[in-house]
Amino acid sequence: MDKKIYDIIVVGSGPAGLTSAIYARRAGKSVLVLEKEAFGGQITHSPKVENYPGYIEMSGNEFAEVLVNQALGQGAEIDLAEVTDVIDEGALKRVVTDAGDYECKAVIIAAGSKHRPLGVAREDELTGNGVSYCAVCDGAFYAGKHVAVIGGGNSALQEAVMLSERCSQVTVIQNLAFLTGEEQLIRKLQNTPNVDFIYNSVVDALEGRDELTGVIIYNTEENEYSLIECDGLFVAIGQMPENEPFLHVTKLNEYGYVDAGEDCTTETPGVFVAGDCRSKRVRQITTATGDGAVAAVAACRYLDTL
Ligand SMILES: Cc1cc2nc3c(=O)[nH]c(=O)nc-3n(C[C@H](O)[C@H](O)[C@H](O)COP(=O)(O)OP(=O)(O)OC[C@H]3O[C@@H](n4cnc5c(N)ncnc54)[C@H](O)[C@@H]3O)c2cc1C
């Protein structure tokens with residue numbers, strides 16, 4: 001029997017990928033979503049989401065479940081497979097996976113990105129219980145409390161500014177002897193009374209049984225360990241997009257994100273990109289779902305020209 005040729009294959013079942021599947025199905029296109037890990041994407045790691053319009057509060061898992069069911073209800077197929085390559089064969093695209101090859105006419109890459117972890121013991125266990133990677137998402141849970149921010153680049157400094165507006169104390173912990181973010185941000189933070197800085201220090205261990213109560217840091221210059229008591233730890237040491245499988249059909253920027261603008265098109269006709277894996281400033285569910293809709297409409301228009 002001949003293998004099915006899908007109109008659209010979506011790589012990744014996060015908010016961007018599933019939104020694009022919903023939009024493409026409603027335009028009557030056949031859609032397969034391929035996911036390598038968690039159906040619903042990285043939001044499944046979040047115990048509480050309070051900034052998605054229309055939902056006052058929900059867990060990331062609740063949101064993911066509704067979104068998966070909505071895509072399935074619209075007739076999208078969703079399979080577990082890791083995409084390892086996408087090959088442009090003109091009007092047809094070959095999607096190579098660890099479960100075999102698939103063919104389609106258009107591809108939407110919605111592979112997301114991962115926050116770079118600290119790499120210390122019990123980090124996974126305490127994520128959502130004091131350890132966070134997103135001040136926009138979780139900052140409100142620490143109002144009036146003492147938090148530490150790990151990192152000294154622009155992302156970390158922006159997180160520190162945001163947190164200083166609601167937390168009682170913000171301690172920025174940087175591994176170097178200086179901050180690497182923009183001068184303007186550094187000056188702003190240095191003039192904020194509830195922000196302090198610790199340099200030349202890395203996180204050695206996380207304290208607390210079920211909830212974080214502090215961090216042990218190691219000062220590499222003084223060769224000394226010390227305990228910083230805090231209620232929250234915001235890790236902002238960069239993100240890790242996982243876009244290597246798409247190198248044959250996209251151009252990546254210097255940080256590894258697919259170099260594409262708000263129209264979600266790539267340099268390869270018939271290949272589109274949506275969500276956190278794209279170069280952009282704000283990585284949130286709202287921006288991912290927005291991209292999903294834009295990419296799906298663009299893909300449907302492309303299909304109609306074939
Ligand atoms: C702990 C935490 C809390 C957060 N809280 C909030 C919040 O409160 N509000 C908010 O708006 N945002 C929040 N975010 C951010 C939000 O989750 C992301 O912005 C959003 O999920 C991005 O959606 P996406 O579809 O682009 O990517 P993702 O959700 O990352 O989905 C991409 C999917 O693609 C899959 N994938 C990657 N590569 C491949 C491959 N080669 N083959 C097959 N599948 C692949 C991944 O496994 C993943 O499931 C939070 C994130 C985290 C980690």
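This report walks through a predicted model, from its domains to its ligand shell, one strand and one residue.

## Two domains

The chain is assigned two domains. Domain 1 covers 5-114 + 239-304, and domain 2 covers 117-235. Their C-alpha centres lie 32 Å apart. The contact between them takes 6 residues from domain 1 and 5 residues from domain 2.

What classes of residue make up the side of domain 1 that touches domain 2? That side has 1 nonpolar, 4 polar and 1 charged residues.

## Around the ligand

The ligand has 38 residues around it. Five glycines come nearest: Gly-12, Gly-14, Gly-41, Gly-112 and Gly-275. Sorted by class, the shell holds 17 nonpolar, 14 polar and 7 charged residues.

Both domains contribute. The shell draws at least three residues from domain 1 (5-114 + 239-304) and at least three from domain 2 (117-235). Among the secondary structure elements, α1 (15-26), β2 (31-35) and α7 (285-304) each supply at least two residues of the shell.

## Strand β9 and its partners

Strand β9 spans residues 146-150. It is mostly covered, with 4 of its 5 residues buried. One partner is strand β10 (residues 169-173), which pairs with β9 in the parallel sense over 5 bridges. Within this pairing, Ala-148 stands opposite Thr-171 in β10. From β9 the chain passes through helix α5 (residues 154-164) to reach β10. This β-α-β crossover is right-handed.

Strand β15 (residues 232-235) is also a partner of β9. The two run parallel and are joined by 4 bridges. Here Val-149 stands opposite Phe-234 in β15. As a general point, side chains in a regular strand alternate between the two faces of the sheet.

## A closer look at Ala-106

Ala-106 sits in strand β6 (residues 100-109). Why does Ala-106 count as buried? Because it has 28 C-beta neighbours inside 10 Å, and 20 or more are enough for a residue to be called buried.

Some of the residues in contact with Ala-106 come from other parts of the chain. Leaving aside neighbours within four places in sequence, Ala-106 is in contact with Asp-7, Ile-8, Lys-93, Gly-270, Phe-272, Ala-299, Tyr-302 and Leu-303. Ile-9 gives another view of the fold around Ala-106. The two residues are 97 residues apart in sequence, yet 6.5 Å apart in space, C-alpha to C-alpha.

Definitions and conventions: Residues numbered from 1 in each chain as written. Predicted model: local features only at pLDDT ≥ 70, side-chain atom pairs only at ≥ 80, totals over all residues. Near = placed C-beta within 6 Å. Nonpolar A, V, L, I, M, F, W, Y, C, P; charged D, E, K, R; others polar. Domains from an automatic or database assignment. Buried ≥ 20, exposed ≤ 12 C-beta atoms within 10 Å, placed from the backbone. Pairing = 2+ DSSP bridges. Right-handed = clockwise from strand over helix to strand, strands pointing away. Contact = placed C-beta atoms within 7 Å.
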